[in-house]
Every structure is written in C-alpha cells, then in structure tokens.
Amino acid sequence: MAKSSSKAKPAVKSRGRKPAVSRDEFLKYYKDMLLIRRFEEKAGQMYGMGLIGGFCHLYIGQEAVVVGMQAELEAQDTVITTYRDHGHMLACGMDPRGVMAELTGRRGGYSKGKGGSMHMFSKEKNFFGGHGIVGANVPLGTGIAFSHMYRGNGGVSLTYFGDGAVNQGQVYESFNMAALWQLPVIYVIENNRYGMGTSIERASANTDLYRRGSAYGIPGETVDGMDVMAVREAGAKAVAAARAGKGPIILEMQTYRYRGHSMSDPAKYRSKEEVQKMRSEKDPIETLRKTILDGDHVSEDGLKEIDREVKRVITEAAEFAQNSPEPDPAELYTDILVEA
Amino acid sequence: MSIQVLMPALSPTMTEGNLAKWLKSEGDDVVAGDVLAEIETDKATMEVEAADEGVLGQILVPEGTENVAVNTPIAVLLEEGEDAAVLKNGADNAPAAVAPSPEPMTASKSVAPAVAAVPAEADYTGPTTRLSVREALRDAMAEEMRRDDDVFLMGEEVAQYQGAYKVSQGLLDEFGERRVIDTPITEHGFTGLGVGAAFAGLKPIIEFMTFNFAMQAIDQIINSAAKTHYMSGGQITSQIVFRGPNGAASRVGAQHSQCYASWYAHCPGLKVVAPYSAADAKGLLKAAIRDPNPVVFLENELLYGQSFDVPTEEDYVVPLGKAKVVRKGDDVTIVAFSLMVERAVEAADALAGEGISAEVIDLRTIRPLDVETIVTSVKKTNRLVSVEEGWPFAGIGSEMAAIMMEQAFDWLDAPVARVNGADVPMPYAANLERLALPQTKDIVDAAKAVSYRS
C-alpha cells in the first residue's frame, strides 16, 4: 500500500478508491514479472557459462517496480533507466530474443551486439536506454520530458534511477529545471538499499529519498516497491498528474535486489539472512501469486500454464541469443556518425 | 588639479565604444558615483560613473561619437576652487592629441589587412554584406530556427539578457520563450537535458557561456551525445550543436582561457568545427545545425566583433569537413584554425617580404579533418607549420605531425613544426599571457626554420 509521506507538498495523494483490477490485468502482471525473473535467471546462468561477458546487472527482486509503472503508460510515453535495465526493456514490450542476443553480443541484439547489457534502446517502444554512468540518465530523461512539453504531445517521461544515483549533483540540476519548467517527468527512484556495496545509510545523510525534491517543491511519495499493485496505484496517480501538466513527481520505490550489484559481486556487505528474509516475506511474484489464488482469479493449473509459456519464451530467447552470429567485422566502423 | 575622465574598458576584450549620451552637462556638480555618460559597446550599453567629485568642466568627446578608444580622455572634472579657465591651457586634453591607446588588449590592430587578405568562399560569386562574426552566428541560428520548428536555443543568458556576448540578440523577440530558453547555471544538467531532447528528435543548440564551463558537462557530450548512436546500433541519434567561445579571450586567467579543440576532436561520434571568418561562422553553423550528428562548434570571443564579407544568400551553407586555402603559396604550408588564421595570414605577409611564399590553410572543421587538402598542399610545399592556441601535448599539431608521417613522409623536406600555446595554465599578467599565446613572429620563425632560413 502506497503511503503518502511528502511533508512539503503532497500533490500526489494516496487516498481515494483503489482502481478496480481485472483478472486479465492480474495475470498480465504475474506473467510480466515472471518473464523478467526467468529471463534474469537465464542470463545469470549464461553468464556463468561464459556466453555473456562484461558487466551484467540483474533485476531479480525488483520486478514489481517496472511492471507496476508500465501498466499506466500510453503509447506516447517514454522510459529511460540506468544499467540495471533488462527488466525495463521486457516491461516495455521489447523482444526477449533481441535483449538476450545483445547480452551475448550477437548481431540479433537490439544494438547489433555493440551496446551490451547496459546499452540497449528501442525507438519503436520509446525506450531510451540503458545508461552506464550513474546519474547521467536523469538529465537525459528530463530532456525527453522537455521534448514532450515542446511538442505538446501529452507524453510523460518515466526516468528511473537508483538510491546510488540520488546523490549525484546532476540529479538536482535536473530536479530544479523540471520544477522550474513544470516538465512532465516522473522520477522513479528504485531504492534497493545498496549502491553497489554501500548501504543507503552509509551513503545518504537523509535516507527519505522521496523528500529529495522538496527543496524544489517536487512532491514525493514512498511506495512499497515489492507490491505490484501498490506500485500501479501510485504510478496511476503520478502519471495522471504529470500528464495533466502538474510538473515533476518523485516516487521512491522501496525494493530489494536479491543478487549482487553485478555478476562479480560476492555481496559480503549484507547477510544471507537479510536476503532470505526479503525473499520469503516480500517476494513480489509470490505475493501476487497468493493474491491471484486467494481471490480465485485463476486456478493453480492456470498459473502453471503461464509458467510454462514464460519458460518457453525464455528458452527460445536463449537459443536465439546463442545461435545468432557475431557481428560482421565491418560493423566495427558503422553507426559512429549518421551519414548526412 | 583637474582630473581627466577616461573612456573606460567595460569588458576584458573591449578596445573601443560609442559615447551614446552625456547625462551631465558642463558646469554640473558631480559627486562620486554619479552617472556621467552612457557608453555603448558591441555587447551592451553601460553607464560611466564618476570616481571623484567636482564640477564637470569640459566635455571632450561629444555624445554620438563612435569608436572612441579605451583610455581616451572624454571629459575634464574640476576640483574645488578650480576654474574652467585652466582648461584653456589644457590643449593636451583635446581628443586629437590623445596618445594611441596603450597595449592593445585584444587582437592586434593589424586585423583589417588580414581580413582583406581572406576572400569569401571561392565559388561564391553572389552579393555579400559586411557582418560581424557575432551577427553572422545570430543570423545562422535565426534562419535555421525559421525553417525548422525543432531547432531551439538553450543556455545561460541567451534569452532576456540577449546573450552573454550578445550572440543571441533579438532571438527571444522573434522566437519567444518556448524556443529561446534561459537556463540556470548548471552546465551538466542542461547539457544532459539538451541531449535527451535530441534523443527524442528535437534539434537543440546548447550555448556555453564559454567552453571552459562545458568541462562540467563533458560527460554528457561524450558519453551520451557522441556514443549513443553507436551503442544503440544506429537507432538513436543526437542532432545537437554545442556552441560558444573557446580558447583565450583577454587576460581572463587560466580557468577561462583553454582551447578544447583537441579534447573534442579526440572522440569518435562528434564533429568539431572552429571557424575564423564571419562567412564561415554563418555557413558552418547552419551546416552544423542541419547535421544529424552532435557538433561541437568552437567560437572565439576576440573574433565576435570583427567584420567580414558574408554572402547574403539565405541558403549559403559551408559543408563540414572542408578546409579552405585562404592564401596560396609554394614554399611552406601553414595550417591554423579560428583566431590563429589571422596570425597565420599576418605571418604569410611578413614571410612574403622575405621571399618565402606561404600557403595558409584554414582547417575550419577539426573533425572530420580535411586531410586531402593538407596533404595536397604539403606535396607542393614540402613543409608544414601547424598553429594552434592549445597545448602541445597530444594537440592538433601532434595529429598534423602524425598525418604527415603516415601520408606525406616522402614529400617532407623538413620536420613538421608546431606553434602552440605554452604548456602552462594561462597566466593573467599581460606580458605573460602574450608569451603563452602563439604570436605572428612565432609562426614566421617556425616557417623560416622549416625552410632552413634564418
């Protein structure tokens, strides 16, 4: 349940009726979250097999955030995020085969194998990356919001970043301009409690990240990011407000990543018990599964059918990613400049 | 003892101004802080305040006088008890007798002949008009904004203030605040915002008050603007121009005097332009705005006020990536860009007097570099002198030397000579700053050295 906590200017109120949720919607969120979970598990396996190289940041545990936020977007809306981006791409409707093939560095990847895990884009799906410099995507997302306003196209820019990026100076430069010009941007802070190996308490003088916009009059709200329904509800209000020209909004998603920062992270900065407790008590997929079964929306067999379908999609993506050829050596020198 | 009121310098690069208006009349009492007159420069209208008290005894420069040199006495202030009669003996106060202004603080006074030596684009034979570089840049932006609603200008003081250096004068009036946007002083943020807008298909012109401040934003210029097209497999483009003055102005110290040509030219995914003449400033800026890639457009504050013949044709566009031979010669090739073209042409004049025929090439675009024009010239002259304001290490001159080794080695009769800024942070003192920047004589000496003449 989202909790309205902005002391400065709570423009986004959590009160009011929850939107009615249909059976199809429940099942879609379940399927989308499961797709991300299974995709990331498979990516982790393939990394271990040496099929994926470089940096690879898994989204396992945080699935409810993107799936809940995506539920409220329209075709003209845009998404930009950091390097922990596989989940965002799948939630935006990008083809798992193209994402996985980019991870394996093959020509069937979204960036033809030239971007890798952190750098994928889809103009078609209005997904603007995939950025590797902590905090740098925040001004970029603010600029995309500027383009929505400039064109008057009614679009909203969803700009995701983490609790690590939140201390970057350019984030506040962006907040200032977004508030000054009332840009249609939602800053989604995915607070998974660790910026690489440094806990939020050790990095942030104040850990109420939803309040980080208060100096600029930007309303903020903290949301249970492990609960897809809470995210959806908060997202619905935020998107509606931004679309109505009320300016920027901050949503702080309280979430958790089960895996290390990247594949090479032994995660010694937190206890196994802490991780286990989150998994057993707060897992977003299990929580929704229970809601679906308790509410008699679909039977256990119905969910198993979804599990099988997701497994099939992931297997196919993994096969595609391994069979797609490496980029043609001639690709080394393409896409540097646009030929005028 | 009467006090001379001198024409003040109102900015680091001001050398002259117009005396727009006297606000005090002869015989008026004046106390320190009173506004005496209004001075108009190419950048702004400023007030001249009295520094002493007394009576305005005589106005030496009437209002409406144009091009009054800095330090010219413009009035005489009489101290208590003095009589206007003393002025009768003060013939040395008359403007006619004013000593030439001391050490020029800006580009040397030999600008005029140098400008005359540089013809407009060779293949252009249409009508031209006299425009300053400042006006040419403004016209280029205005014309491109008229033809494409996706083009907008954003930066510090570009709108209401009319540009810190008045380059954007009049644009707010014509295009309104939707398209001419004053930003907070947050280079990193507004540069990233501009790049994001470009990802989404707009065509921003991001003005930096100087490129020195763009260092705050260089991550967004390189990591976001220059690399994303490649990282996205060609899906995302950044049609964006980063422009503003680059390099040294005049005694503004180390943090405001750096040349960034080699920094940006190092990076694939960027184009880098550094024009000299107003015609090129206009034609190249129009090309840069139309180019579907990120373009770093390096201007020079000392050139803003200089005037050149500029084609009047609306669609006069100078293609990026083409150097210009601004002076033909046979004995030695001198390559330069931006303000250094002026020095190079001056050097060529001096060399001509000593029987050395120098060919001067204005690089205009640093990346992609017009290697063919340079190599063709060196195959004729067999000698190359590279001139730049920037530091020598890994500079544009270093690149010239490498290109000569790779593509013209057998034609060289002497090692490539580099004339560059001294390898030091820019000093403030006038004499030290002069020593730190390439001077005409340095170029002459280098040309003679590679010609084995002394």
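This passage walks through the interface, the nonpolar cores, a surface patch and some backbone details of a predicted two-chain model.

Residues are numbered from 1 along each chain as its sequence is written, and chains are lettered from A in the order in which they are written. Because the model is predicted, local features need pLDDT of at least 70 and side-chain atom pairs count only at pLDDT 80 or more, while totals for chains, interfaces and linings use all residues; side-chain values use heavy atoms, with hydrogens and water left out.

A good place to start is the meeting of the two chains. Here 38 residues of chain A are in contact with 46 residues of chain B, contact meaning heavy atoms within 4.5 Å. The size of an interface is often given as the accessible area lost when the parts come together. Chain A and chain B bury about 3,500 Å² between them, 65% of it on carbon and sulfur atoms; this is the area lost to a 1.4 Å probe, summed over both parts. One salt bridge is found across the interface, the term requiring a side-chain nitrogen of Lys or Arg within 4 Å of a carboxyl oxygen of Asp or Glu. Arg151(A) forms a salt bridge with Asp150(B), with 3.5 Å between the closest N and O atoms.

Turning inward, the largest nonpolar core has 78 residues, of which Phe146(A), Phe242(B) and Tyr264(B) touch the most other members. Such a core is a set of buried Ala, Val, Leu, Ile, Met, Phe, Trp, Tyr and Cys residues joined through side-chain atoms within 4.5 Å, where buried means under 20% relative accessible area, exposed over 50% and partly exposed in between (1.4 Å probe, protein chains only). Another core, of 66 residues, lies apart from it and includes Leu285(B) and Tyr316(B). Beyond its neighbours within four places in sequence, Phe242(B) is in contact with residues including Ile206(B), Phe211(B) and Pro294(B).

On the surface, Met215(B), Trp263(B) and Trp391(B) make a nonpolar patch of about 280 Å². Patch members have over 30% relative accessible area and no salt bridge; like charges are joined within 9 Å, and nonpolar side chains (Val, Leu, Ile, Met, Phe, Trp, Tyr) within 5 Å. Met215(B) counts as partly exposed because its relative accessibility is 37%.

The backbone also has some details to look for. A cis peptide bond, with omega of about 0 degrees, joins Arg367(B) and Pro368(B). Arg193(A) is not a glycine, yet has a positive phi of about 80 degrees. Asn71(B), also not a glycine, has a positive phi of about 80 degrees.

Terms used:
Areas by Shrake-Rupley, 256 points an atom, 1.4 Å probe, with all protein chains shown as cover. Buried area = accessible area lost by both parts, 1.4 Å probe.
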